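Biologist: I would like a close look at one part of this model, the surface that faces the DNA. Please set it in the context of the two chains and their salt bridges.

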2 protein chains.
Amino acid sequence: MTNLLKNKKISETPFRKEVLAIFGRYNNAIPLSIVEKELKEYNRITLYRTIKIFLEKGIIHEITISGEESNYAVCQEECNTDAHHHQHIHFKCKKCEIIYCVEINKFPSIALPNYKIEQLEIQATGLCQSCNV
Amino acid sequence: MTNLLKNKKISETPFRKEVLAIFGRYNNAIPLSIVEKELKEYNRITLYRTIKIFLEKGIIHEITISGEESNYAVCQEECNTDAHHHQHIHFKCKKCEIIYCVEINKFPSIALPNYKIEQLEIQATGLCQSCNV
DNA sequence: TTTTTAAGTGCAACAATGTTGCAATAAATA
DNA sequence: TATTTATTGCAACATTGTTGCACTTAAAAA
């Protein structure tokens with residue numbers, strides 16, 4: 001995790017390390033508001049820029065669910081700006097409201113006549129492991 | 001289309017009819033900016049409230065793709081606030097950048113151990129019928 | 001290790017987007 | 001047509017995101 005910034009060729013600053021550490025403490029996607037709560041003090045603008053560059057460099061990816069605050073999670077594999085290669089679905093639990101990136105081995109394939117599908121993103125809602133009892 | 005507002009039990013005002021007519025003229029999802037362009041003159045607040053109530057009543061649904069303006073499209077089937085029952089995927093063409101709701105007959109099913117999946121939303125990117133030549 | 005260069009940060013100011021209370025107005029109902 | 005209920009528009013505000021510029025820090029070169 002520490003050398004992730006170097007790997008992606010961006011400067012390793014205390015603030016960026018701190019933000020990255022916050023993502024590391026969660027095993028689910030988190031919104032900006034949680035990042036802000038975890039930071040003792042921070043500069044709003046710098047945080048925006050940090051999130052922006054993390055997205056650009058493929059360090060984190062964004063999960064947008066209609067009508068909700070954007071969520072962010074660390075990328076698992078080799079991602080970059082143009083292509084995020086995730087073999088997972090974004091699962092939002094209706095009860096605890098947490099958004100998880102759930103790994104899936106047999107990713108569904110879809111064919112549409114005359115369309116050329118290059119990428120798929122799947123968002124699911126329901127009950128997560130903890131709430132499905 | 002005209003009695004859609006009555007069906008959903010909301011008042012049938014000139015403005016709402018006009019907004020609905022704009023959606024009717026497109027066979028793809030459109031962002032707020034296009035609705036605004038098509039309206040000669042309008043009140044920003046009223047438009048927000050109109051979109052909001054259309055969403056709540058299941059007249060339109062929202063399509064959010066990371067890092068992009070929200071898009072809206074008329075619901076095809078019986079939808080309401082809590083449940084949007086679409087048998088379609090949201091397809092964004094990389095070339096023309098238009099977002100389509102593409103009907104699909106065999107909607108994929110996904111099973112995740114210990115999770116209870118209630119709804120699936122699928123977003124695809126690639127080339128649409130027109131651009132895939 | 002020190003110097004140089006390049007990149008990141010913080011401030012001020014701004015731009016865009018979305019919301020609320022309230023009075024005026026229009027639509028639905030009786 | 002009269003009454004009730006919902007919608008609209010204004011003003012004002014709240015939130016979210018952006019930009020230019022000076023200052024500071026990190027990375028690279030000497």
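Modeller: Start with how the two protein chains relate. This is a predicted model. A turn of 180 degrees, with a shift of 0.0 Å along the axis, lays chain B on chain A with an RMSD of 0.1 Å. That is what a two-fold axis does. In chain B, the residue that comes closest to the rotation axis is Ile122(B), with its C-alpha at 2.3 Å. Both copies use the same surface: 100% of the contact residues of chain B recur in chain A.

Now the DNA, beginning with strand C. There are 15 residues around DNA strand C. Those that come nearest are Arg16(A), Thr46(A), Arg49(A), Glu12(B) and Tyr48(B). Both protein chains appear in that list. Of the atoms of DNA strand C that come within 4 Å of the protein, 57% are sugar and phosphate.

Take the phosphate contacts of strand C one by one. Thr46(A) places a side-chain N or O atom 2.8 Å from a phosphate oxygen of DNA strand C. Asn43(A) also uses its side chain, with a polar atom 3.4 Å from a phosphate oxygen of the strand. Glu12(B) reaches a phosphate oxygen of DNA strand C through its backbone, where an N or O atom lies at 2.8 Å. Glu12(B) carries an acidic side chain, but the contact given here is made by a backbone atom.

Which elements give two or more residues to the surface near DNA strand C? They are H2 and H4 of chain A, together with helix H4 (44-56) of chain B. H4(B) gives the most, with 4 residues. By class, this surface has 5 nonpolar, 5 polar and 5 charged residues.

Turn to strand D. It is surrounded by 15 residues. The closest are Tyr48(A), Thr13(B), Arg16(B), Thr46(B) and Arg49(B). Sugar or phosphate supplies 58% of the atoms of DNA strand D within 4 Å of the protein, and bases supply the rest.

The phosphate contacts of strand D include three made by side chains. From chain A, Tyr48(A) has a side-chain N or O atom 2.9 Å from a phosphate oxygen of DNA strand D. From chain B, the side chain of Thr13(B) brings an N or O atom to 2.8 Å from a phosphate oxygen of the strand. Arg16(B) does so too, with a side-chain N or O atom 2.8 Å from a phosphate oxygen of DNA strand D.

The elements that give two or more residues to the surface near strand D are H4 of chain A and H2 and H4 of chain B. H4(A) holds the largest share, 4 residues. The classes near DNA strand D number 5 nonpolar, 5 polar and 5 charged residues.

Next, the salt bridges. The whole structure has 12 of them over all chains. One joins the side chains of Glu18(A) and Lys40(A), at 3.4 Å from N to O. Glu18(A) sits in helix H2 (residues 14-25) of chain A, and Lys40(A) in the loop between helix H3 (32-38) and helix H4 (44-56), so the bridge ties together parts that are 22 residues apart in sequence. That brings in H2 of chain A, one of the elements near DNA strand C. Glu18(A) is partly exposed, at 26% relative accessible area. Lys40(A) is exposed, at 70%.

In chain B, the side chains of Glu38(B) and Arg25(B) form a salt bridge of 2.8 Å, N to O. This pair links helix H3 (residues 32-38) with helix H2 (residues 14-25) of chain B, 13 residues apart. H2 of chain B is among the elements near DNA strand D. Glu38(B) is partly exposed, at 27%, and Arg25(B) is exposed, at 54%.

A further pair in chain B is Glu68(B) and Lys92(B), whose closest N and O atoms are 2.5 Å apart. Glu68(B) lies in the loop between strand S2 (60-63) and strand S3 (71-74), and Lys92(B) in strand S4 (residues 88-93), so parts 24 residues apart in sequence are tied together. Glu68(B) is partly exposed, at 34% relative accessibility. Lys92(B) is buried, at 10%.

One network spans the two chains: salt bridges link Lys94(A), Lys116(B) and Glu118(B).

How values were computed: Residues numbered from 1 in each chain as written. Chains lettered and ligands numbered in written order. Predicted model: local features only at pLDDT ≥ 70, side-chain atom pairs only at ≥ 80, totals over all residues. Heavy atoms only, no water. Salt bridge = Lys/Arg side-chain N within 4 Å of Asp/Glu carboxyl O. Buried < 20%, exposed > 50% of the residue type's maximum accessible area, 1.4 Å probe, protein only. Near = heavy atom within 4 Å. Polar contact = N/O pair within 3.5 Å; in protein donor to acceptor, adjacent residues only side chain to side chain. Nonpolar A, V, L, I, M, F, W, Y, C, P; charged D, E, K, R; others polar. Least-squares fit on C-alpha atoms with pLDDT ≥ 70 in both. Contact = heavy atoms within 4.5 Å.
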